[in-house]
Amino acid sequence: MQHLLSRARKPLLICVWLLAALGLTFSAQNPASNAAKGYAQSVAISATGVYVTLRTINAVLSTAQEAELSGQFIVGGSVQPLKVLEPIDDTIERVAGVVFIVMVASSLFSVAAQPLGILGCALILVGSSTLLLAKSPNLQSLGRKSAMIGAVIGIVFPLAFALGGVVSDQLTKSAWVENEQIVQRITAPLAVETAQLPSKAPETGWLQSLRNSGQQASDSLQNYSRITASLFAEADVLIHSYLQLLAIFLIKILVLPLLLFAGAWGVLRSLSRS
């Protein structure tokens, strides 16, 4: 048995060497890198859409609070009814921060996928060449490590990321659609209401401005109270849906890819020992 494995070792190494050489020559057509790149781009685009919506809500809530404070400053009052929006605003901002990290990480990997594929093929090529030509046990060990690291960087990691994405898409599809519809239902009136806000009044004399300041503050409060009413009424549902979408993002780019990567790593280590 050992003799058969020894005889099959050289043809297998030659095949690995040829595949690595082809991978370097046609790096732009590397299926593992291209699959990972395409999936990372799709996640980045989805995360960007969620991030923009979150930041829009954040901006409206922040502006609503500022408008109230400004109006109270002018009329000399002390009641701040829109201040109740602050906890919602803070939560939305924190969720947006995590989504931004997901967006950047996905964009980074979409850019790095092809260079990682090239680096992985180069390490496999060096490692397999060393295993074919070197006689020293130390060089043989170095060749095995080089080939294994190259396989991890150029093949296992991109495939785990892409395959994890495909599996997670199927597992989380219904949850994604459901929560996305909830977010759209709650936030859809936001753009319409914001577009209907009165434009800034033309410049007038200081006396006229002083007379109109109280009315402007009251109108601003009423406008933003109307805009944020639906957000405040369904804040718990909105935040829960955004957290569900965030969890789906983490499953797509972290949980399932890591599980698949861990399984593939175990297989590679077993092959390396044998």
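Here is a chat between a biologist and a modeller about this predicted model.

Biologist: To get started, how many helices and strands does the secondary structure of the chain come to?

Modeller: Reading from the N terminus, the elements run α-α-α-α-α-α. So it's helix after helix, as the DSSP runs are counted. The tally is six helices and zero strands.

Biologist: What share of the residues counts as buried?

Modeller: The cut-off for buried is under 20% relative accessible area. The chain has 274 residues to sort that way. The buried share comes to 35%.

Biologist: And what share of the accessible surface belongs to carbon and sulfur atoms?

Modeller: The accessible surface of the chain is about 15,900 Å² in total. The part that belongs to carbon and sulfur atoms is 67%.

Biologist: Looking at contacts with a separation of 6 or more, what percentage comes from residues 24 or more positions apart?

Modeller: Contact here means heavy atoms within 4.5 Å. Take the contacts in the chain with a separation of 6 or more, and then pick those between residues 24 or more positions apart. They account for 86%.

Biologist: Let's zoom in on threonine 187. Is it buried or exposed?

Modeller: Threonine 187 sits in helix H4, which covers residues 137-195. Leaving out residues up to four places away in sequence, it touches Thr53, Ile57, Leu238 and Tyr242. Its relative accessibility is 13%, and the cut-off is under 20%, so threonine 187 counts as buried.

Biologist: Which residue has its backbone oxygen 2.6 Å from a polar atom of the threonine 187 side chain?

Modeller: The threonine is in helix H4. A polar atom of its side chain lies 2.6 Å from a backbone oxygen, and that oxygen belongs to valine 183.

Biologist: Over to isoleucine 248: how far is it from alanine 175 in space, C-alpha to C-alpha?

Modeller: Isoleucine 248 is found in helix H6, residues 235-273, and at 5% relative accessibility it counts as buried. Its contacts, not counting residues up to four places away in sequence, are Thr172, Ala175 and Trp176. Isoleucine 248 and alanine 175 are 73 residues apart in sequence, but C-alpha to C-alpha they are 8.3 Å apart.

Biologist: Salt bridges next. Which residue does aspartate 169 pair with?

Modeller: A search of the whole structure turns up two salt bridges. In the one with aspartate 169, the closest N and O atoms are 3.2 Å apart, and the partner is lysine 252. Aspartate 169 lies in helix H4 and its partner in helix H6, so the bridge ties together parts that are 83 residues apart in sequence. Aspartate 169 is partly exposed at 27%, whereas the buried partner, at 10%, is lysine 252.

Biologist: And which residue meets glutamate 234 in a salt bridge?

Modeller: The side chain of glutamate 234 is in a salt bridge with arginine 185, at 3.1 Å from N to O. Glutamate 234 lies in the loop between helix H5 (206-233) and H6 while its partner is in helix H4, so the pair ties together parts 49 residues apart in sequence. Glutamate 234 is partly exposed at 24%; also partly exposed, with 47%, is arginine 185.

Biologist: What about the nonpolar patch on the surface: which helix gives the most to it?

Modeller: The patch is formed by Leu163, Val166, Val167, Leu171 and Leu260, with about 430 Å² of accessible area together. One of these, leucine 163, counts as partly exposed at 47% relative accessibility. The biggest giver, with four residues, is H4.

Biologist: Now the rings. Why is the pair of tyrosine 39 and phenylalanine 161 edge-to-face?

Modeller: By the rule used, there are six aromatic pairs. For this one, the ring centres are 5.7 Å apart and the planes stand at 70°. Tyrosine 39 is in helix H2 (residues 31-75) and phenylalanine 161 in helix H4, 122 residues apart. Planes over 60 degrees apart are classed as edge-to-face, so the deciding value is 70°.

Biologist: What is the angle between the planes of phenylalanine 157 and phenylalanine 261?

Modeller: This aromatic pair links helix H4, with phenylalanine 157, to helix H6, with phenylalanine 261, 104 residues apart. Phenylalanine 157 is partly exposed at 33%, and phenylalanine 261 is partly exposed at 21%. The pair is edge-to-face, 6.0 Å centre to centre, and the angle is 90°.

Methods. Residues numbered from 1 in each chain as written. Predicted model: local features only at pLDDT ≥ 70, side-chain atom pairs only at ≥ 80, totals over all residues. Heavy atoms only, no water. Helix = DSSP H or I, 4+ residues; strand = E, 2+ residues; numbered from the N terminus. Buried < 20%, exposed > 50% of the residue type's maximum accessible area, 1.4 Å probe, protein only. Polar contact = N/O pair within 3.5 Å; in protein donor to acceptor, adjacent residues only side chain to side chain. Areas by Shrake-Rupley, 256 points an atom, 1.4 Å probe, with all protein chains shown as cover. Salt bridge = Lys/Arg side-chain N within 4 Å of Asp/Glu carboxyl O. Patch = residues over 30% accessible without salt bridge, like charges linked within 9 Å, V, L, I, M, F, W, Y side chains within 5 Å. Phe/Tyr/Trp six-rings, centres within 6.5 Å; stacked < 30°, edge-to-face > 60°.
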